[in-house]
Amino acid sequence: MKRRYSISNDWGQYFHWQLIAIWMCSFAMSFVALAKDSAEYLLSQQQEAQIYKAKLTAVMAWHGSSPWINAVTSGAKKEFQRLGIELLAVTEAHYDPAKQISDLETLAVLQPDIVLSLSIDGLSSKPSYLRLSKAGTQLVLLSNPIIGFSHGEDYAGLVGVNIKGMGQAAAKLVAQAVAARGEVGMIFHDADYYITNQRDDAFVQALKQYSEIQLSVKKGFVKKSQTAQLTAAMIIQNPSIKAIYVSWDAAAEGVIEALRIANRKDIKVITHDLGTNNLIDMALHGNMYGTVSDRPFEIGTLMARIGAGAAIGDTTPKYTQVSYNLVTHQNIEASWQLAFQTPLPAILQTALKQSILASPLSDRGDDAQ
């Protein structure tokens, strides 16, 4: 797939497009160099007692705000509270690297024992992170490594998700949706961005194992607003496709819209992440067949725990990988709870109840848990 050197600001959960070319090539190698994953990091009762007694403090310096990062924050807050760690401040940089540097410099004045952060631009923010770590603050990074940082010296650990596994899981959902036979389409993220590129490519490779499924058409997008038009063109040119894979949830909303307008209820959609609008469609047995969700609340919990362990001198893992789950109509509520550790929104609860009342004997599809 051809990649463009740009990214849309519409994709607000991720980074500013101007930074992608800077860190893309360097970080790709860093991800490869990291261990695939480590075991769950746990603290003993003695360690927890030591942490509580130490009266530690913590801050968070995020790249931006979104429901996903809010869940990370909630997970970290709960773990900090459990361990008796005082949370001094939480900042978000609006995807602006200069703002994040300013945030880090401000937070350094608080002399925290722990800082949790996702670096927008590891090159420009590196000196600010180093200033914190050299002063004794334990840095725990989310998703993006910083080139040249030494584990155990400059940072305590990196927490991420199984990007390749999520792409493979999406291929499994497509196979379930089409009974492992027929033509399918793909609307991929046509920008140089490591996470989506690797996830999309893993999907393509995994789909090859299904000999009777043909990936007959692929169309790329940069702005999520493009996906409705791309879908409309795709189904006109390829009317026999049975399913469409889309890179992430917000971009899939346009796909669902175009399929509704075209009255193509037969075409199923598979994507990543949990969004209320598409989950409502899934609950009501619409076009959205399934999605692959990571676990942001768990990520925050793990980051906080790693920071606490490092603050009392424990050896913490270089890279810890949080799992994911496959979501279909059957396990929407359980998957939401896994991801966000909050009750299912009332509107989704209503949609699920309506679905049960409307078709109590209908086929719900395979359980994807």
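Over which residues does pLDDT stay under 50, with 24 contacts beyond four places in sequence? Residues 360–369 are such a stretch.

## Model and confidence

This is a predicted model; local features need pLDDT of at least 70, side-chain atom pairs count only at pLDDT 80 or more, and totals for chains, interfaces and linings use all residues. Residues are numbered from 1 along each chain as its sequence is written, and side-chain values use heavy atoms, leaving out hydrogens and water.

The chain's average pLDDT (the predictor's confidence in each residue, from 0 to 100) is 88. At least 70 is reached by 86% of the residues. Residues 1–37 fall below 50. That stretch still has 96 contacts (heavy atoms within 4.5 Å) beyond near neighbours in sequence.

## Helix 4 against helix 5

Helices are DSSP runs of H or I, at least four residues, and strands are runs of E, at least two, numbered from the N terminus. Helix 4 spans residues 97–108 and helix 5 residues 122–134. Their axes, lines fitted to C-alpha atoms over the stretch in contact, are 9 Å apart at an angle of about 10°. Helix 4 is therefore roughly parallel to helix 5 (angles under 35 degrees, on a scale from 0 to 180 degrees between N-to-C directions).

Helix 4 contributes Pro97, Gln100, Ile101, Leu104, Glu105 and Ala108. Helix 5 brings Ser124, Ser125, Ser128, Tyr129, Arg131 and Leu132.

## An aromatic pair

The model has 3 aromatic pairs (ring centres within 6.5 Å). Phe221 and Trp248 form a tilted one (planes neither under 30 degrees nor over 60 apart), with 5.3 Å centre to centre and 50° between the planes. Phe221 lies in strand 7 and Trp248 in the loop between strand 8 and helix 9, so the pair ties together parts 27 residues apart in sequence.

Phe221 is buried (under 20% relative accessible area, 1.4 Å probe, protein chains only), at 0%. Trp248 is buried too, at 3%.

Key. Angles under 35 degrees count as roughly parallel, over 145 as roughly antiparallel, 65 to 115 as roughly perpendicular and the rest as oblique. Rings of Phe, Tyr and Trp (its six-membered ring) pair if their centres lie within 6.5 Å; planes under 30 degrees apart count as stacked, over 60 as edge-to-face and the rest as tilted. Buried means under 20% relative accessible area, exposed over 50%, partly exposed in between (1.4 Å probe, protein chains only).
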